[in-house]
Amino acid sequence: AMVPWSGAYDNVNSPICTSQDASGKWIPTLIGKVPSFTERDAMAALDSCERAWDSGRGLWPTMPVAKRIEVMENFTALMLQRREEVVRLIVWEICKTRPDAEKEFDRTIKYIKDTLDALKETDRASSRFQIEDGIFAQIRRAPLGVCLCMGPFNYPLNETFTTLIPALLMGNTCVFKPSKLGSLLQGPILDCFSRALPAGVVNVVYGRSCVAPIMKSGKINCLAFIGSSKVSDTIRKDHPTPHRLRCVLGLDAKNPAIILPCADLDMAVKECILGALSFNGQRCTALKLLFVHQIIAAQFCQRIVEEVDKLKVGLPWTEGTNITPMPEADKCKRMRELIDDALAKGAQILNAEQGGGQCVETAMVPAILFGVTPAMRIFHEEQFGPIVPIAVYNSVQTPLDFIRESPFGQQMSIFGANPTEIAHLVDPLANQVCRINLNSQCQRGPDTFPFTGRKDSAEQTLSVSDALRCFSIRTLVAAKHN
Ligand code: G3H
C-alpha cells in the first residue's frame, strides 16, 4: 500500500510515495523520479518551442485547423488507452480517492472533446466574410506564440489541460511545467503528446528554478498559471514587459456560504460538507467560510458535527475513504497554526471529542471551527485544507461586508428557501463574485461554463469557448469593396 509523500523535488529527483507498514504506520517510499531541470535544460526546452513556433511560420501554427483537430483527436485516443495508468498515479501521487481520480480523467477527456467541437464552430465562423461600410473582411483567430502553461497539484490533469489544450489547439507552442506534486502522472500523457504532435510543440520542464530564466528570457508570449496569487505575481514580474504579457490566471479564493434562517438545513449541511471537504478542501472552489444565522446556528452545528463524524479518514485506495492524506509535506502544520490562532482568539472545535483538528500522519480529521471572527487568520486566509470555519451573524450585512472587503471574488453559495430574500441578495452579489450557487456548494463544473473570478482570484475566463479566446488574437484580412 502506498500513500503520497512530497519529497525533495528541487534537489535532484522527485520521490513521491509512502507505504504502510504492518502496524499501519505510513512510511515514505519512492515510486518514481522526474529530473529537476537546470537553467540550461529549461532554455533548451524553450528554444525547442520557439523553433516550432518560428515567428508564426512553423508547421503547427500554420497547420489548417481541421488538421490540428485531427492531431488532437488522435492524441485523445492515445490518452484514453493510458486511463488506468494515469488514474493510478493520480491516486498515488496526490492522494485523490480512486472515484475522484477517475472522475478527473473522464472529465478531462470530455473537456478536450467539447473544446474540439467549439473549435470546429469557431473555425466555421472564421471562414465567413463580413462587409460593413465598404470594407470586406475575414476575421480570424490567430495564435499568440510561445505559452508557458503551469498547472496545480489538486487537479493535475483537468486544470492543467484547461489551459494547455486550448493553447495548443489555437496553434501556440507550449512549455509545460507540471506541479511538482503530480509530475509522475504526466509521464504517460507526455508520451501521448510525443506520439501525436509534431516535435517541439510541447516541451515539459520540471523544477521550480527553471521558471524564472524562462520568464526573464522575454520569449514567452502568454503565461497560463493556476495556483496561488502570490506565486503568480512573482512569476509574472520576471518577464521583461509584464504589462504586455497575456496572462491567463486561476488564483486564490475564499468562497463563503450564507445560510439564511429559512434554509433547508439538511440540504445546507450536505452541500456545505461537500463544498468544504471534498478532496480535503484542496479545491480553489471549496467553501472556506460559512456564515450561519444565529437563529439556526445551534441546529446547523449539531447536524454538521453528526455528518462530519461519518466521514472516514484513510488511504485513498480504500473503498469508502472520504478524507485522505495531504500531499504537501507541511500542510498539517499550517492547518494547526490556523486552528491554534483561532482557538487562542476564542473559537472552539465543535468536534474535538471526535478528533477534529487532529493530524493522523499527513491527514487531518476535519475541524469544525465555531465562533470564527474577523480577528482570526482563518476568517481571511485561504485554508485549502480540511477546516470548516463557522461565523455566526445576526444581520446579513456581516457576510455582505465580508464579500465586499475580500481581496478575492470567485464564487459564493446562498442557502435559503425564500425566493424573495434570495433574489434581493443575488443582484448586488452578482457584481462582486463570478458565480452565485443557490442551495448548492461552489464548483467549477460543468467545464463548458465560464470559470473566472474578480479581484485577486483570476485573470481571463476559462471554459471551452472562452479558453479558445484566451489563447488567440483576432486578426483581420480586410479589403475595400467597390
Ligand atoms: O481548484 C479549483 C478547481 O477548478 C475546482 O474545480 O469545483 O470542479 O472541484 P471543482
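Phe 129, Ile 131 and Phe 136 make up a nonpolar patch on the surface, and together they offer about 290 Å² of accessible area. Patches here are built from residues with over 30% relative accessible area and no salt bridge, with nonpolar side chains (Val, Leu, Ile, Met, Phe, Trp, Tyr) joined within 5 Å and like charges within 9 Å; the areas come from the Shrake-Rupley method with a 1.4 Å probe, and for residues only the protein chains shown count as cover. Phe 129 sits in strand β4 (residues 129-132). Strands (E, at least two residues) and helices (H or I, at least four) are DSSP runs numbered from the N terminus.

The model is a predicted one, in which local features need pLDDT of at least 70 and side-chain atom pairs count only at pLDDT 80 or more, while totals for chains, interfaces and linings use all residues. Numbering starts from 1 along each chain as its sequence is written, and side-chain values use heavy atoms, with hydrogens and water left out.

Now to the sheets. One is an open sheet of 6 strands with mixed pairing, ordered β8-β7-β6-β9-β10-β22; strands count as paired if DSSP finds at least two bridges between them. β8 (202-204) and β22 (458-459) are at the edges with a single partner strand each, so one side of each has no neighbour in the sheet. β22 runs antiparallel to β10 (residues 246-250), with 2 bridges between them, and Glu 459 in β22 stands opposite Leu 249.

The other open sheet has 7 strands, again with mixed pairing, in the order β13-β16-β17-β12-β11-β19-β20. Its edge strands, β13 (348-349) and β20 (435-438), each pair on one side only. Strands β16 (residues 367-370) and β17 (residues 387-393) run parallel and are joined by 4 bridges, with Leu 369 partnered by Pro 389 in β17.

Helix α6 (residues 158-169) ties in with several elements. It lies across β6 (146-150), β7 (173-177), β8 and β9 (222-226), at about 165 degrees to β7. Its axis and that of α3 (residues 65-81) come within 10 Å and cross at roughly 145 degrees; axes are lines fitted to C-alpha atoms, for helices over the stretch in contact, with angles from 0 to 180 degrees between N-to-C directions. Arg 68, Met 72, Phe 75 and Met 79 in α3 meet Phe 161, Ile 165, Leu 168 and Leu 169 in α6, contact meaning heavy atoms within 4.5 Å.

The whole structure holds 33 salt bridges, each a side-chain nitrogen of Lys or Arg within 4 Å of a carboxyl oxygen of Asp or Glu. One of them joins Glu 159 and Arg 444 (3.0 Å, N to O). Glu 159 is in α6 and Arg 444 in the loop between β20 and β21 (454-455), so the pair ties together parts 285 residues apart in sequence. That loop also contains Pro 446, which is joined to Gly 445 by a cis peptide bond with omega of about -10 degrees.
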